[in-house]
Protein chains: 2
Amino acid sequence: MIKTPYLLFLGDAPDQLAAKVAQGIKDWRPENAVGQFRMEGCKADVGLADMTLLEAKEAGAKTLVIGVANRGGVISQEWKKVLVMALEEGFDLASGLHNLLRDEPDLVAVAEATGQALHDVRVPEVEYPIANGKKRAGKRCLAVGTDCSVGKMYTALAMDAEMRERGLKSTFRATGQTGILITGDGVPLDAVIADFMAGSVEYLTPDNDSDHWDHIEGQGSLFHVSYSGVTMALIHGGQPDALILAHEPTREHMRGLPEYQQPSLEALRDMALSLAKVGNPDCQVVGISVNTQHMAEDSAKAYLAELEDSMGLPATDPYRFGAGKLVDALVAL
Amino acid sequence: MIKTPYLLFLGDAPDQLAAKVAQGIKDWRPENAVGQFRMEGCKADVGLADMTLLEAKEAGAKTLVIGVANRGGVISQEWKKVLVMALEEGFDLASGLHNLLRDEPDLVAVAEATGQALHDVRVPEVEYPIANGKKRAGKRCLAVGTDCSVGKMYTALAMDAEMRERGLKSTFRATGQTGILITGDGVPLDAVIADFMAGSVEYLTPDNDSDHWDHIEGQGSLFHVSYSGVTMALIHGGQPDALILAHEPTREHMRGLPEYQQPSLEALRDMALSLAKVGNPDCQVVGISVNTQHMAEDSAKAYLAELEDSMGLPATDPYRFGAGKLVDALVAL
C-alpha cells in the first residue's frame, strides 16, 4: 500500500500527454493529490496547485508520485535532485517507470538513511498463491476488450465512481501501473509469474459483502495474441458475475499487430462469456463501453444507438456520456 | 542448453514414482543417458546400468541430472556429498527441483571453483521478447487438454518419436521442467513473466522448413482456472496448424479443483479451435489422445472406437497403442 495523499511530480514533462498518470490520479482520485510539482520547462499541468516540497508536506502529502513518463527511459540527474530532496523531507517515492527506483543506488542509499519507502509499482511486492477457483462472496465486474488500450480501466473507474455516488458498495481493483498509482494498491498483473496470475486476481478480489461490487481493471484482449494469457487469467481468477464489452471503433488493426484485425463485438461476447462460465456459470454480459474519443458527438451517439439495437445491450462511452447505463444494468442483475 | 549425455541421479528415491523425471529421460531420449547413479536405500530403478561418477565420466557423461523428487523439498546433505563430488569430477548439474541449486551456497562455491554449470530448469535463462504474432514458416502441433496432467507431454513426445522413425522432420519443444530435462532445452513456461509468455513460445518455435513439425508440449487447460492463462499463451504464441485434444476419462473432477468438472471433448474442441484461429485461421483439430492408463485394454479400445465415431477424429492412446494414427492425420493435412 502506498501512503496517501500524494504530491504529483510532473518533472520536465515535454507535453500534456506525458503526464497522463498524474492526470488519471487527478481525474479519478482527486482526494489523493494535494498538489503538483513542476520543474522548469514543464509543459504539463493537471490543474492542481503548484507546490514546493515543504508546502506539500504542510498540506499533508506523504508520497511523491512520479506522474510523468521519463525521457529516454532513464531517471535523469535533474529529477534526482528533487527525488533525493523529497526523501530527505520525509516523503516516500512511488513510480511506475520501467527504470526502477530500486535500481538507482543513490536513491536506495538516501531512502535507507531516511527510512522512507521506494515503491516500484511495476514489480509485485507479494508472493501470490496459485488460484484455487473457490467461489467467493460478493460481486465482480470485468471489462473485456476487442483490443488492448480501448478504455477498460476508464470503464471500471467510471462505473466505480458512479456506484459510489449512488451510495452503493463498490471498489476499483487495479491490475496495472496507472491504476495502482491512482488508488495506491493493486496487482501489477503483467509482471506476475505465469503460474500465479489467476491466483493474484483471486488475492486482489477477496470475499466481500454480498451486495458489494469489485470493478476489476481489465488487461489485454482474448484476441490480442501477445497478451491474451493475461486476459484469460483475469477471467478465471476474477470469476466475474458481469462482463462489459469494451471497444474502440476507429482502430485500423490490433494495437501493435498490423496483421491482425479486431474481432466483432459478437465474437468477443461469445468467446469471453463461454470462458467466464467455466469459473462462474451465472456470468452475464451486461453492457458495452465504447471509446468514442475519435468520433464527433453526433456520430458517437448514432453509433451507440445502433449498437444497442443490434446487440440488445446498453451501450455508452462512460467517460464522455457517463456510466449510468452500465451501472443500471449491474444493479438490475 | 544442458550438455548431454547425462548420468541420471536417482539418489535415495523412496519409490519408483519419485524417479519419474529420470524415467522420462530413459523412455524418450535413451541416447541422452549413459547410466544411473543410486545411493544406498534407493527404491527406484529406471533400467540403466548403475555407474559411479568415474565410470559415467569415462562413458562420456557431461551432466549429472537430478532425476528424482526430493524428500521434504530440500536438497539433503546426503545428496550434496554426491553433487559436490560430481562438480569436482567435471560434471555440470541440472535440476528441476523447487529448491534451486543456485540457492545452495556450497554448490555455488564449488561450481565457481571448478568452472562447472548449475542448471535450474525452473528458472528462465533467457529474456524473452513480447510476442509479435508474425506468421512463421514450418508447421506446429499442440495438444490441448480437458484438464491438467492428462498426457499432453507424452502425446507430443510420442508423435515426435513416430515422425522421426518415419524419417519426417520433427522436433519436440519442451515447455516444462521434465520436458526440458529430457531434451536439454526449452522454455519453463509456468515461470515466465505474464507479458512475455506468448513471446517465449514464439522464441521456442521459430521459422523452420516448410515440411518440419514442431510438437509443442502443452500446459494446463483452457478449462482449468488456475492455469488457463498459460494454455492461452501456448495457443496464441504457438500459432498451431494442428491441435490434438487430450483427455483422461476416469477423472472425478478437475485436478486440484474438487468443485470443477472436466468439459466435454466437444466443448474443448470448439473453444480451443476458435481461440487458435485468432493466431492461425487455418488451424485444424486433427485427432484425440486419450490417457487410458486406468482402463482395461478392452474398455480402452472400445472407448477409443466410440470416440472416433462420435467425434469423427482418429483417437488413440499414443503411449499404449502408438501415435501412428495421429501422425497419419498430421501428414494428411
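This report describes a predicted model, covering an annotated domain of chain A, an internal cavity and a helix of chain B.

## Annotated domain of chain A

An unreviewed UniProt entry assigns residues 130-327 of chain A to the feature "domain: D-glutamate N-acetyltransferase-like C-terminal". Within residues 130-327 of chain A, helix accounts for 39% and strand for 15% of the chain. The C-alpha atoms at the two ends of this stretch lie 32 Å apart.

## Internal cavity

When the whole structure is searched, one cavity of 30 Å³ or more is found. The volume of the largest cavity is about 40 Å³. Its lining is formed by A:C141, A:L142, A:A143, A:T155, A:A156, A:M159, A:H215, A:I216 and A:I244. Two or more lining residues come from each of β6 (139-145), α5 (152-165) and β8 (213-216) of chain A.

In chemical character, the lining comprises seven nonpolar and two polar residues, with no charged residue.

## Helix α8 of chain B

Helix α8 of chain B spans residues 228-238 and is mostly covered, with eleven of its eleven residues buried. The buried residues run from B:S228 and B:G229 at one end to B:G237 and B:G238 at the other, and include B:M232, B:L234, B:I235 and B:H236.

Both chains contribute to this cover. From chain A, the covering elements include α7 (197-204) and α8 (228-238). From chain B, they include β6 (139-145), α7 (197-204), β8 (213-216) and α9 (265-279). After α8(B) comes B:Q239, which has a positive phi, near 45°.

Technical notes
Residues numbered from 1 in each chain as written. Chains lettered and ligands numbered in written order. Predicted model: local features only at pLDDT ≥ 70, side-chain atom pairs only at ≥ 80, totals over all residues. Heavy atoms only, no water. Buried < 20%, exposed > 50% of the residue type's maximum accessible area, 1.4 Å probe, protein only. Helix = DSSP H or I, 4+ residues; strand = E, 2+ residues; numbered from the N terminus. Contact = heavy atoms within 4.5 Å. 1 Å grid on protein atoms, 1.4 Å probe; cavity = no way out; pocket = protein on both sides within 12 Å on 5 of 7 lines; lining within 4 Å. Points joined across faces, edges and corners; volume = space filled by probe spheres on them. Nonpolar A, V, L, I, M, F, W, Y, C, P; charged D, E, K, R; others polar. UniProt positions renumbered as here; feature names shortened; annotations may be inferred.
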